[in-house]
Every structure is written in C-alpha cells, then in structure tokens.
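Q: I should like to learn how to read the surroundings of a ligand and the lining of a pocket. Where should one begin?

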Amino acid sequence: MSLTSPASEYDSFADIYAVWTDTAASTHANLPFYVNAYAEADGPVVELGVGDGRIAVQAAVEGHAVIGVDLSGAMLDLCRRRAVDAGVLDQLTLMRADFRTFELESPAALIALPYHSIGHLPTLEDKRRAMAHVFSQLRPGGRFIFDDFLMTPDLVAHMRRVQLRAEYRTAAGADALLWVASLVNEQEQTIRVVTWEDELDADGLLVRRRHRRLSLSWLEPAQARDLLTQAGFDIEACYGDFSRTPFSDATAHEQVWLARRPA
Ligand SMILES: C[S@@+](CC[C@H](N)C(=O)[O-])C[C@H]1O[C@@H](n2cnc3c(N)ncnc32)[C@H](O)[C@@H]1O
C-alpha cells in the first residue's frame, strides 16, 4: 500500500484522532446533525468513513444501528473499542471497504459521508465514481448526506498558517503539543495537511517530534451539485452550516448536501 493511501495515512493518524476532532469546531456541530439524520432514517443507515465511531457510536447509544465502512484497520479498531466501551457493539456492523466499492447486503435508507471525508477521494473522477456507487447502494427514496469544506480566501489563509492545535497528555503520559499547517493548492483543489506532535520533558525540552500527513481535496458547490445530478440524485437541500441554514455564498461556513435517490 502506498504511503499516501487514506488507509495508511489514517493508520498513523489514529492515535491522535480524538485530540484532532475534539479541537475542531465543526465536529461539535456535525455530531448532533448526523446523529439526528441517522435517527430519522427509516431503514439501514451506513456511515462511510466511520473512523473512530465518533458519530456512529453516539447514534448506537441513542438506539440506532449503523453500518460503518472504512479502509483503515486502525480506525476500525478504535471504533470497535469505543463501541465496546459504550456497550453498543451489537448495534454496529463494521466493514473494511472503499467508498467506491463497498457492497451492502440490503439497500440502505441513508448513506452518510460526514466530516469532509469526500475530500479523501483525490480526483473529480473518484468522487463521481463514489457518488454513482452510493446511488447504487441506496434503496429508491433513500438519502445521501455529505458535507464538504467551503473554501473561501479566509479559510485558505487560515489553513496555511501554523497553528497550535492542542496541549494534552499522550496515551503513554507524555506532555505533548499538536501543531498543524497545510499546503493548499487552489488550482488543483487539494490540501496537504501536515501535523506534528511534540513531546516535551519536565523542562519543556523537545524529546520527540512526530509528523503525520493527510491528503484532502474539495469540491466547489457547483461541482458538488453537478456530480449529484449526474449520478441521478434529486437534491433536497444544501445548507451552509449544521443548523440547517440555507446555503448562501455570503454566510455559509460549510456545504451540507442532502440528496435523494428518486423513489
Ligand atoms: C475525517 S475521518 C471521518 C471519521 C468520522 N466519520 C468522523 O466524522 O469523525 C475520514 C475517515 O474516512 C476513511 N477513508 C478515507 N478514504 C476512504 C475511502 N476511500 N474508503 C473508505 N474509507 C476511507 C479514513 O480512514 C477515516 O477514518
């Protein structure tokens, strides 16, 4: 497997994933949004890129079964452990598979792809393939929900800046700082997230620095609309945030798409 495949990137990201999501503003807003969507679904719910089960396990705790799909074995292990700790492992079905090729036993009522994860599919062609595949795995009338970055000049500038993301203790008890900065290529619509974890001794001296990298990309809203339409979806809504504010260029922080396979 290549060093930049999503599975290998997330295998090395797994042990900082909880710190990463706890310190990201959008995770606090997207969690209740997706848990509510899973609760409203009338039939099988699938989360693509289930990760450590941050959303799926919360939905399971609230009584909703979820099928979680992910390519990273380390992330699926975290998800399983989180479900065991919460006593809801029986509510989860975990599959190691790709967004573009997963096969369900029965068609889904809802397929969700939360937290900008569509951006792990590098090209427009990969995203087109994934949307067509999602469409094929939904039952007629079933829903597809995903969100993506809304890349504004302010967000690009913010991502490029070096930021101190968190101060915490590692699992081994070390005093640690997590830093991040991203290489953003506006023409290619790609983001290379570089994060580094500094472990410090009692005097604040650096004893270990570990870098991790993630490859991301984004869709412009018009591209997302075109891909959904080409795949055969009816677009129900596009929100500009997780409070369901209708999308507007002037006020949106995210793109949150709700689409339906025609009945
Ligand atoms: C940003 S995390 C999202 C995790 C979780 N949904 C959340 O909201 O916290 C993206 C996840 O997608 C997985 N992933 C990335 N590309 C994938 C692909 N092509 N097929 C399956 N899983 C993929 C990664 O391993 C990772 O666990």
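A: One begins with the polar contact, which is a pair of N or O atoms within 3.5 Å. The model shown here is predicted. In it, a polar backbone atom of leucine 71 lies 3.2 Å from a nitrogen atom of the ligand.

Q: Which side chains have a polar atom at a stated distance from a nitrogen atom of the ligand?

A: In glutamate 47, an N or O atom of the side chain is 2.7 Å from a ligand nitrogen. For aspartate 98, the distance from a polar side-chain atom to a nitrogen atom of the ligand is 3.3 Å. The protein buries 99% of the 600 Å² that the ligand exposes when taken alone.

Q: How many residues surround the ligand, and which are the closest?

A: A residue is counted as near the ligand if one of its heavy atoms lies within 4 Å. Here 21 residues surround the ligand, and the closest are Tyr17, Glu47, Gly49, Arg54 and Asp70. This shell comprises eleven nonpolar, five polar and five charged residues.

Q: How should one describe the second largest pocket?

A: One may state its volume, then its lining. The second largest pocket holds about 330 Å³ of space. Its lining has 18 residues, with Ala14, Asp15, Ile16, Tyr17 and Ala171 nearest the centre. Two or more lining residues come from each of α2, α5, β6, β8 and β9.

Q: What kinds of residue form this lining, and which domains supply them?

A: Nine residues of the lining are charged, eight are nonpolar and one is polar. Domain 1 (6-150 + 219-260) and domain 2 (153-217) each contribute at least three residues.

Terms used: Residues are numbered from 1 along each chain as its sequence is written. This is a predicted model: local features need pLDDT of at least 70, side-chain atom pairs count only at pLDDT 80 or more; totals for chains, interfaces and linings use all residues. Side-chain values use heavy atoms; hydrogens and water are left out. On a 1 Å grid over the protein atoms alone, a cavity is a set of points where a 1.4 Å probe fits but cannot get out, and a pocket is an open set with protein on both sides within 12 Å along at least five of seven lines; lining residues have an atom within 4 Å of a point. Grid points are joined across faces, edges and corners, and a volume is the space filled by probe spheres set on the points. Helices (H or I, at least four residues) and strands (E, at least two) are DSSP runs, numbered from the N terminus. Ala, Val, Leu, Ile, Met, Phe, Trp, Tyr, Cys and Pro count as nonpolar, Asp, Glu, Lys and Arg as charged, and the others, Gly among them, as polar. Domain bounds come from an automatic or database domain assignment. A polar contact is a pair of N or O atoms within 3.5 Å; within protein, one must be able to donate a hydrogen and the other to accept it, and residues adjacent in sequence count only if both atoms are side-chain atoms. Accessible areas come from the Shrake-Rupley method with a 1.4 Å probe; for residues, only the protein chains shown count as cover.
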